[in-house]
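Subject: Handover of a structure, with notes

Dear colleague,

I am passing the structure below on to you, together with some notes that I hope you will read beside it.

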Amino acid sequence: MSKIKILFLAANPAATKLLHLDEEIREITTKIRASEYRDSLELISRWAVRPDDLLQTLLEHKPHIVHFSGHGSPTAEIILQDQNGRPQPVSKEALVHLFRTLKDNVRLVLFNACSTRPQAEAIAQTIDCTVGMNQPIGDDAAIVFAASFYRAIGFGRTVQEAFDLAKVALLLEGIPEHKTPEMYVRRGVDASKMILVVPPAQPDQDVQSPQRAGGGPVKSFRSMDRPTFVKTLGALSPSTFDLFVASLEHAAAHLSRHGSVAEQAADLIRWAESPTGPGFTAIQEALESFR
């Protein structure tokens with residue numbers, strides 16, 4: 001089954017303020033498990049992270065979301081730890097080069113650490129969406145924001161909706177830090193249309209003109225809203241879906257051939273919206289022509 005991988009990286013070295021990182025991942029796990037499409041998310045955690053662990057984990061897991069929890073510095077660094085457990089700063093420039101080289105499947109980077117807006121803004125030149133904090137953020141706010149963000153992702157909401165709902169959660173909890181998180185979006189990307197967890201489709205059906213309950217035709221594939229189109233694409237019969245993929249240049253190389261049609265449809269949409277893909281609208285137009 002094709003899943004969205006969330007790589008949770010945590011560091012709280014000696015001589016730095018104690019953070020409740022264990023509570024953060026606990027709340028994230030709880031909220032994901034309570035979401036509608038929880039089986040579409042895989043949470044991977046690494047603790048006491050050292051600089052070389054960034055290379056190892058990105059190479060090993062090829063995550064779609066990279067989440068860092070720990071300390072940031074006023075000089076645009078994140079604080080990892082060395083082999084002796086002492087603070088080891090990592091510069092903004094190092095992070096920019098890291099994600100420029102090892103972006104692979106990464107669609108989102110979230111820095112849940114104080115004063116990490118400069119890192120998020122810089123990395124957004126390479127990664128579709130990045131989130132950072134424009135000032136120090138309290139433990140409670142960091143936990144509520146992160147857990148609420150991933151819950152919304154697990155309900156199939158767009159990245160923009162997940163970000164907005166996470167800030168709403170802070171307001172609902174009476175935590176006056178909703179203006180601290182900031183999101184940056186790579187040029188050409190629309191976060192309000194970016195869905196990481198594609199809702200599963202209904203049972204297979206061949207491509208045909210959609211019909212209203214009374215028998216009349218409804219809007220074309222090109223004018224469908226996103227959830228309806230994704231469900232329609234994922235509901236194609238295997239043979240029809242294979243023919244459609246074959247009609248798209250370069251598409252087949254980016255799909256897993258071992259999953260269900262719905263899972264492969266999710267792969268297709270993620271590829272289409274990646275930096276090398278043709279875009280979501282192009283897939284809609286292609287299906288309209290294919291029909």
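The notes below take up a run of strands, then a cavity, then a helix.

Please bear in mind that this is a predicted model, in which local features need pLDDT of at least 70 and side-chain atom pairs count only at pLDDT 80 or more, while totals for chains, interfaces and linings use all residues. Residues are numbered from 1 along each chain as its sequence is written, and side-chain values use heavy atoms, with hydrogens and water left out.

Helices and strands here are DSSP runs (H or I over at least four residues for a helix, E over at least two for a strand), numbered from the N terminus, and two strands count as paired if DSSP finds at least two bridges between them. Strand β5 covers residues 77–81, and because 4 of its 5 residues are buried, it is largely enclosed by the rest of the structure; buried means under 20% relative accessible area, exposed over 50% and partly exposed in between, with a 1.4 Å probe and protein chains only.

On one side of the pairing, β5 meets strand β4 (residues 71–72) in the antiparallel sense over 2 bridges, with I79 as the bridge partner of H71. The hairpin of these two strands has 4 residues between them, and A76 takes a positive phi near 60° there. Strand β6 (residues 87–91) also runs antiparallel to β5, joined to it by 5 bridges, and V90 is the bridge partner of I78. In the hairpin of β5 and β6, with 5 residues between the strands, G85 has a positive phi near 80°.

I78 appears again in the lining of the largest cavity, alongside residues including L9, F68 and F111. A cavity is a set of points on a 1 Å grid over the protein atoms alone where a 1.4 Å probe fits but cannot get out, and lining residues have an atom within 4 Å of a point. The search of the whole structure finds 1 cavity of 30 Å³ or more, and the largest has a volume of about 80 Å³, a volume being the space filled by probe spheres set on the points, which are joined across faces, edges and corners. Helix α3 (92–101) is among the elements that each supply at least two lining residues, and its 3 residues are the largest share.

Finally, helix α5 (residues 139–154) is mostly covered, with 13 of its 16 residues buried, and G156, just after α5, takes a positive phi of about 80°.

Best regards

Technical notes
On a 1 Å grid over the protein atoms alone, a cavity is a set of points where a 1.4 Å probe fits but cannot get out, and a pocket is an open set with protein on both sides within 12 Å along at least five of seven lines; lining residues have an atom within 4 Å of a point.
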